[in-house]
Amino acid sequence: MAIKAHSPEMLHQTGVMAFVVADDHPMVRDALAAALKGGFAGARIAYAGTLAETQAAIETNPETDLVVLDLDMPGMLGLAGLAALRAAHPSLPIAIVSATTNSAAMRQAVEMGAAGFIPKLAAADRFLDAVRAILSGAIWLPDEAKDEVLASRDRDLAQRAALLTPQQHRVLSLLAEGMANKLIAYEMQISEPTVKAHVTEILRKLGVTSRTQAVILAQRLALEPVMKPVSATSDE
């Protein structure tokens, strides 16, 4: 499945760009905002430090042109939070800015609908070049996550993982933390049969036959630090 550029049609026509900068570290938020204000005259910035605050900022600022999103924030559960935002706002461009060096995770984020994945270590001018490319409708990825570099098995895995719903991504994240179905049900405030149904769909979509195999795949896509391993338990 080829990655397609997103449409820039939703960008408003006032000439002043509006951004949501979502990161739970104030210094990082301020640095990203300063770069955006330096690159886009009069840029309007809304700030968020959790997934809930990000959702609220988008709702409060409906003319947002781009969300700059950290995956390691309270409520995010990594890519599960991205999946939730994409489901709620399918046309809004989201640029991931993350410290991860996992190329497969970068690719999965784009397969799941992110408009780009920008390393946090990128210089300010490279960050702005990436943002401008994304705002023009392009997909932006570091060289190490592009088709000609990323291993075919990781591209395939990223595409399969992108089929999971936001709820299924959250279940998979909790599986990778070693939680049994009963604990997942408690954490997510859903029934245990619902968790089992999600697990069944996760296995089917990932093309594996056990939760342990699913967790191994999740660890290949994990953001750093690597998720804790889980042993094969009951609930399989």
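This report covers three parallel strand pairings, two crossover units and one helix pair in a predicted model.

## Strand 3 and its neighbours

Strand 3 spans residues 66-69. Both of its faces are covered. Leu 66 and Val 68 are buried on one side, Val 67 and Leu 69 on the other. In a regular strand, side chains alternate between the two faces of the sheet.

Strand 3 pairs with strand 1 (residues 18-22) in the parallel sense, over four bridges. Val 67 is the bridge partner of Val 20 there. Strand 3 also runs parallel to strand 4, joined by three bridges. In that pairing, Val 67 stands opposite Ile 94.

## Strand 4 to strand 5

Strand 4 covers residues 94-98 and runs parallel to strand 5, with four bridges between them. Ala 95 has Gly 116 of strand 5 as its bridge partner.

Strand 5 (residues 116-119) is covered on both faces. Gly 116 and Ile 118 are buried on one side. Phe 117 and Pro 119 are buried on the other.

## Crossovers

Helix 3 (residues 79-88) lies in a right-handed β-α-β unit with strands 3 and 4. Helix 4 (residues 103-111) forms a right-handed β-α-β unit with strands 4 and 5.

## Helices 8 and 9

Helix 8 (residues 181-188) packs against helix 9 (residues 192-206). The angle is about 110 degrees, and the axes are 8 Å apart. Helix 8 is therefore roughly perpendicular to helix 9.

Asn 181, Lys 182, Ile 184 and Ala 185 of helix 8 meet Glu 192, Val 195, Lys 196 and Val 199 of helix 9. By class, this contact has four nonpolar, one polar and three charged residues.

Notes
Residues numbered from 1 in each chain as written. Predicted model: local features only at pLDDT ≥ 70, side-chain atom pairs only at ≥ 80, totals over all residues. Heavy atoms only, no water. Buried < 20%, exposed > 50% of the residue type's maximum accessible area, 1.4 Å probe, protein only. Pairing = 2+ DSSP bridges. Right-handed = clockwise from strand over helix to strand, strands pointing away. Axes fitted to C-alpha atoms, helices over the stretch in contact; angles between N-to-C directions. Parallel < 35°, antiparallel > 145°, perpendicular 65-115°, else oblique. Contact = heavy atoms within 4.5 Å. Nonpolar A, V, L, I, M, F, W, Y, C, P; charged D, E, K, R; others polar.
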